[in-house]
Amino acid sequence: MATDALPPSKDGPATSPATPSAEDFIEVQESAEFGELRRSYRSFAFPLTIAFIAWYLLYVLLSNYADGFMGTKLFGNINVAFVLGLAQFLTTFLIAWWYARHAAAKLDPKAEAIKSRMEGGA
């Protein structure tokens, strides 16, 4: 029979981080540091989300109502609709990459500082 428990440590029982109380969470949530973390996230995520949705809806609307434009052949059998469709995938991957860089540089250090302060009780 297998268990998910870790084997006991040779140094004695493992010490887990202190569990913060509800008051601790409320205090952190109301702190300026947490507010700055939320602002940093929102100032990146919300505008980019709106821009991507607008870009996607533009593609859908052009596909439905601009048949002539979307059917314009660029070279061979490649038309504007195909190129814009591929650009949808490209922008999705670029946004994911850009967000990962932003989170690693700006969000993760702030979140880790808050987490360690809460777990350490400092």
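## Starting from Ser40

In which helix does Ser40 lie? Ser40 belongs to helix H2, which covers residues 32-65. Please keep in mind as you look around that this is a predicted model.

Is Ser40 buried or exposed? With a relative accessible area of 8%, Ser40 is buried, because anything under 20% falls in that class. Once its neighbours within four places in sequence are set aside, Ser40 is in contact with His102, Lys106, Leu107 and Lys110.

## The chain as a whole

Let us step back for a moment. The protein chain contains four helices and two strands, and these follow the pattern α-α-α-β-β-α when read along the sequence. The chain has 122 residues, of which 17% count as buried; Ser40 is one of the residues classed as buried.

The surface exposed by the protein chain comes to about 9600 Å². Carbon and sulfur atoms supply 66% of that area. As for contacts, take those between residues at least 6 apart in sequence: 65% of them join residues at least 24 apart.

## His102, a partner of Ser40

His102 is among the residues that Ser40 is in contact with, and it sits in helix H4, residues 80-120. His102 has a relative accessibility of 14%, so it counts as buried, the cut-off being 20%.

Which residues does His102 touch, leaving aside its neighbours within four places in sequence? They are Ser40, Phe44 and Leu107. Leu107 also appears among the contacts of Ser40, so you can follow a small set of names back and forth here: Ser40 with His102 and Leu107, and His102 with Ser40 and Leu107.

## H2 against H4

Now for the helices that carry these two residues. The axes of H2 and H4 come within 10 Å, and they cross at roughly 170°. Angles over 145 degrees count as roughly antiparallel, and H2 and H4 are therefore roughly antiparallel to each other. The residues making up the contact of H2 with H4 divide into 20 nonpolar, six polar and five charged.

## H1 against H4

Helix H1, residues 22-29, also meets H4: their axes come within 11 Å and cross at roughly 150°. That angle makes H1 roughly antiparallel to H4, again because it is over 145 degrees. The crossing in which H1 passes H4 is right-handed.

Which residues make this contact? From H1 come Asp24, Phe25 and Val28, while H4 brings Ile114, Arg117 and Met118. By class, the residues of the contact divide into four nonpolar, no polar and two charged.

## A closer look at Arg117

Arg117 lies in helix H4 and takes part in the contact with H1. How accessible is Arg117? Its relative accessible area is 30%, so Arg117 is partly exposed, whereas His102, also in H4, is buried at 14%.

Val28 is one of the H1 residues in the contact. Along the chain, Arg117 and Val28 are 89 residues apart, and a distance of 9.6 Å separates their C-alpha atoms.

Methods. Residues numbered from 1 in each chain as written. Predicted model: local features only at pLDDT ≥ 70, side-chain atom pairs only at ≥ 80, totals over all residues. Heavy atoms only, no water. Buried < 20%, exposed > 50% of the residue type's maximum accessible area, 1.4 Å probe, protein only. Contact = heavy atoms within 4.5 Å. Axes fitted to C-alpha atoms, helices over the stretch in contact; angles between N-to-C directions. Parallel < 35°, antiparallel > 145°, perpendicular 65-115°, else oblique. Left-handed = near helix turned anticlockwise from the far one by under 90°. Nonpolar A, V, L, I, M, F, W, Y, C, P; charged D, E, K, R; others polar. Areas by Shrake-Rupley, 256 points an atom, 1.4 Å probe, with all protein chains shown as cover.
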